[in-house]
Structure formats: structure tokens, C-alpha cells
Amino acid sequence: MVLVRSLGVLALQVQRAAAAAARAVSRTAVQAKPLRQQRWASTVGEAALCSKTDMVVLRLPQSDEMRFPFVWLRDNCQCSDCFHPDSQSRTIDLQTFDINSKPSEVKVVNDFVHINWLDGHISNFSIKWLQEHCFQRDAQHLWLKSMYRLPRKTWTAQTFENILPRFQFCDVLRSDVSLYNWLVNLATFGVSIIENAPSDTTTIRNLAERVAFIRRTHYGEEFSVRAKPGTTNVAYLSANLQLHTDLPYYNYKPGVNLLHCLVQTESDGGSNLLTDTLAVAEWIKKVDAKSYQALTQTIVDWNDIGQENGNHFHSIHRAPVICENRSGEIERINFSQPQRDSHFNIPIEDVKPWYQAMDRFIAAVYSNDFCVTYKMKEGEILTFDNIRLLHGRKKYEDTGNSIRHVVGGYLDWDEIWSRIRVLKKANNSGAS
């Protein structure tokens, strides 16, 4: 128990998860293979070499065994010849790396596992580090959910008001806790509101730079959304703006959209439409597997041809409406009716089934079950996940006293996730 209390919270969670995973393996009668060569035990724990599996076996008090392949241990040696601590980077040259390296001895010394290799190299691993990097499945899932990506929670039109987080602009800019909470809520629900933002065209930039930096596209960094005559962008019209994701024609499209309302229309229109497409996609997968398959496997051509402030562009990206990762999880949504190219480079017999699937999709995303209407107030910043949510806008009318004006900008998820991890680490270390 002295060892357990000495570990950090994350290490304790990982240890418990590893123990649970190992017990589950034991219950399914998967037994550890016989150990060979030698075993070293101490009051802290026990380490042994298993020559049949080429693994080091580590047993600790209050925990079941953990196994680490020889080749992985040698590749992850933490000594100064193999690892650069300032950059937290491995420096081993794979051109000369021997994947068949084997240890001659392993032992537990205090809170470290000490390994002597046959080639004379010496490695020392802290037990805490090994627990945090162990191969038990539950422990790996715990790390993925706590450090790689936070679990997402879906919402519908009925639950939207209950999940919509609100944050004060001054708090987000001044407090790391508020900044962290905003970003975590944005990652979890895909949408949040920041209130009482200054009525200034630089507000979006200041917010973006609080996280990392603003994302530039061919529309610039900040962009003004207001009715413009002669525009090549349908968002700059006062007519109805259909539900869409921004820039589906980008291979690496912006992850988060920031919309700052400077002036709201006095007319009845101008409300934003929002749909959690993650919820829609999960629903379609349950009720209409054939349509879901068409939406995830049919490659669609997305394009944007136009100019912004004299900058001419012609962007093309090819991807399904619903993109899954290798684990079958929904990773990205692509959809914009105006930006869907007439080039449809698929077998002709797949065209009608895709339209049938899209008909199901469109009916759902606009339905009262999933789509919500929200009219921003002046001084509010609507922030939402651009690879998850569809957004649109109802038509409106400008008057002499009220010219609707929204300033937008983008952030990238890579920078947001990085900021979340840095803030989390600082908070865990006791930083204010």
C-alpha cells in the first residue's frame, strides 16, 4: 500500500484498470506461460524474464501482473543515449536498432525496474511510468479517453437547452480553469456559448489566440458574415442558409467555428440552425443500416470555386458524408449542398441508392427531433464543432438601423486538444 499511495492519481487509475483487465484474462483461463531464466523479487514488487514470449513480467502488491515485450522496452529505453528528456523524444536510430535485443537480467530496485541487456546496455524504468504505458486493454482505453480524446455526448432538440454550456468572455480570457472548462465542454457536446464579448472586430482573434492561433483559410483569418451584393459565397446573402459544415472541400478543414454577433437583425429572422449530426448518424445506423452504409462508403466530390478580396480559389476534396475511423467511430461530417460538385465519380448503379440515403439524412437533420433554432444575442460568441455539427441560418431583412453583422473565425482541433492536455497537466500539478 505504500507504493500505491506514492503514485499519482492517474497511475493509480491505470493500476486498477490493469488489475481488472488481468483478472478478466485469468477468468477466461488464459494462463501465464512458464517463466525462464531468473526472477527477482523485492518488497516493492517482482520482475521476471519469460524467454518463451520474449517479455518482462512485472508483479506489484495489490496488482496483477503486467507484461512488456523485450523489443518495446529496448525501443523505449529512458537513458540519455536513447531518449532526449527536454523534447520528450526517442533518439534511437531504427537503422541500427536490433529488434531481437534480449535482457540478461531484470530486477526491481526501489521504485524502478532495472534491466541489463546482453549487449551491455542498461535501462531503468520507473514503475509509475510502466504502469502508465502498460498493455492491459482497460488501461489503454483509460488513457485514450483521458488524454487522447474525451468521450463525446450527443444531444437532440429536446435536450439542447440542458446541455448548452455558457461562459463569460472575461473569465475565459483571464482564467485557465474557465478556458479549460469551455474547451472540455466544446469537445464533449460540440457546442457552447460565450457571453458578454466586447463589441470589437478583434474579439474573435483574441479568443482564438487564448487557445493557440486563428486558422487561416482562403476566406482569410477573421471573416465578416453580412449581406454583400455580388458575393460568391451564399453565406453572405440574407436568404435562408441551408444546414452545412464549413469548408468540406478542405482535406484538413477547420475543426471549430467561432461566430461573434456584433449586430443582430431586428427582423424575425437571422436565427441559427444547429443539428448534432453525431446523434443523427447514430440513429440512422440503428434504424436504416443500408442508408448508413451508403453515407459512409460513397465518395462525394466537394468543391469551392470563387474569389475573396481578389484571391481566386478552386478547392476540391473527396470524402463521404459520414467519415469513420478504423474503429468504426464517426470522425468527421462533410456536407454542404452548394459545395457538392456535379462531378460524381462513382459507379452509376450507386447513384440512386446514395440519393435515397441522403433523403433519409436530410429529413432527420431538419426534423424537430434533432434540429434546434438559436438566435444569438449581441455580444455572444457561438462556438461549435465544425466536423460534427451542421449549422445554418434563417433568412432575415436588414434595415437602416439594423445591419446584421457576425464576425467569424476558426480553430483547429489539434491545437485545442494540445491546449486541453497542457491545462490539465498544469491543474494536476497544482498550478493556478
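Is Ser315 buried or exposed? At 15% relative accessibility, Ser315 counts as buried, because the cut-off for that label is under 20%. Keep in mind that this is a predicted model, so every value here is computed from predicted coordinates.

**Around Ser315**

Ser315 belongs to strand S17, which covers residues 311-319. Who does Ser315 touch, once neighbours within four places in sequence are set aside? The answer is His218, Tyr249, Tyr250, Trp302, Asn303 and Asp304.

Trp302 turns up again with Gln337: 35 residues separate these two in sequence, and their C-alpha atoms are 9.1 Å apart in space. You'll find Gln337 in the loop between S19 and H12. Gln337 is partly exposed, at a relative accessible area of 34%, and its side chain makes a polar contact of 2.8 Å with the side chain of Arg340.

**Helix H10 and what surrounds it**

Now over to helix H10, made of residues 277-287. Its buried residues are Thr277, Leu278, Ala279, Val280, Ala281 and Ile284. What covers them? The cover includes strand S15 (272-276), helix H11 (289-297), strand S18 (322-324), strand S19 (330-333), helix H12 (351-365) and strand S22 (389-393).

The N-terminal end of H10 has a cap, Asp276: one of its side-chain oxygens lies 3.2 Å from the backbone nitrogen of Leu278.

H11 deserves another look. The axes of H10 and H11 are 5 Å apart, and the two helices pack at an angle of about 130°. That angle makes H10 oblique to H11. On the H10 side, the residues that meet H11 are Ala281, Ile284, Lys285 and Val287; their partners in H11 are Ala289, Ser291, Tyr292 and Leu295. Sorted by character, the residues of this contact come out as 6 nonpolar, 1 polar and 1 charged. Ala281 and Ile284, named among the buried residues of H10, are also part of the meeting with H11.

**Helices H8 and H13**

Another helix pair is H8 (residues 176-189) and H13 (residues 413-428), whose axes come within 10 Å and cross at roughly 130°. H8 and H13 are therefore oblique to each other, and H8 passes H13 in a left-handed crossing. H8 brings Asp176, Leu179, Tyr180, Leu183, Val184, Leu186 and Ala187 to the contact, while H13 brings Trp413, Ile416, Trp417, Arg419, Ile420, Leu423 and Lys424. Those residues divide into 11 nonpolar, no polar and 3 charged.

Look at the spacing along each helix, too. An α-helix has 3.6 residues a turn, so residues three or four places apart point the same way. Leu179 and Leu183 in H8 are among the contact residues, as are Ile416 and Ile420 in H13.

**Two loop residues with positive phi**

Finally, two residues other than glycine have a positive phi: Gln62 and Asn309. Here they are side by side.

| Residue | Phi | Loop between | Relative accessible area |
|---|---|---|---|
| Gln62 | near 65° | strand S3 (55-59) and strand S4 (66-69) | 57%, exposed |
| Asn309 | near 55° | strand S16 (300-308) and S17 | 76%, exposed |

Asn309 leads us back to the start: its loop runs between S16 and S17, and S17 is the strand that holds Ser315. Asn309 counts as exposed, whereas Ser315 counts as buried.

Conventions. Residues are numbered from 1 along each chain as its sequence is written. This is a predicted model: local features need pLDDT of at least 70, side-chain atom pairs count only at pLDDT 80 or more; totals for chains, interfaces and linings use all residues. Side-chain values use heavy atoms; hydrogens and water are left out. Buried means under 20% relative accessible area, exposed over 50%, partly exposed in between (1.4 Å probe, protein chains only). Helices (H or I, at least four residues) and strands (E, at least two) are DSSP runs, numbered from the N terminus. Contact means heavy atoms within 4.5 Å. A polar contact is a pair of N or O atoms within 3.5 Å; within protein, one must be able to donate a hydrogen and the other to accept it, and residues adjacent in sequence count only if both atoms are side-chain atoms. Axes are lines fitted to C-alpha atoms, for helices over the stretch in contact, and angles run from 0 to 180 degrees between N-to-C directions. Angles under 35 degrees count as roughly parallel, over 145 as roughly antiparallel, 65 to 115 as roughly perpendicular and the rest as oblique. A crossing is left-handed if the near helix is turned anticlockwise from the far one by less than a right angle, and right-handed if clockwise. Ala, Val, Leu, Ile, Met, Phe, Trp, Tyr, Cys and Pro count as nonpolar, Asp, Glu, Lys and Arg as charged, and the others, Gly among them, as polar.
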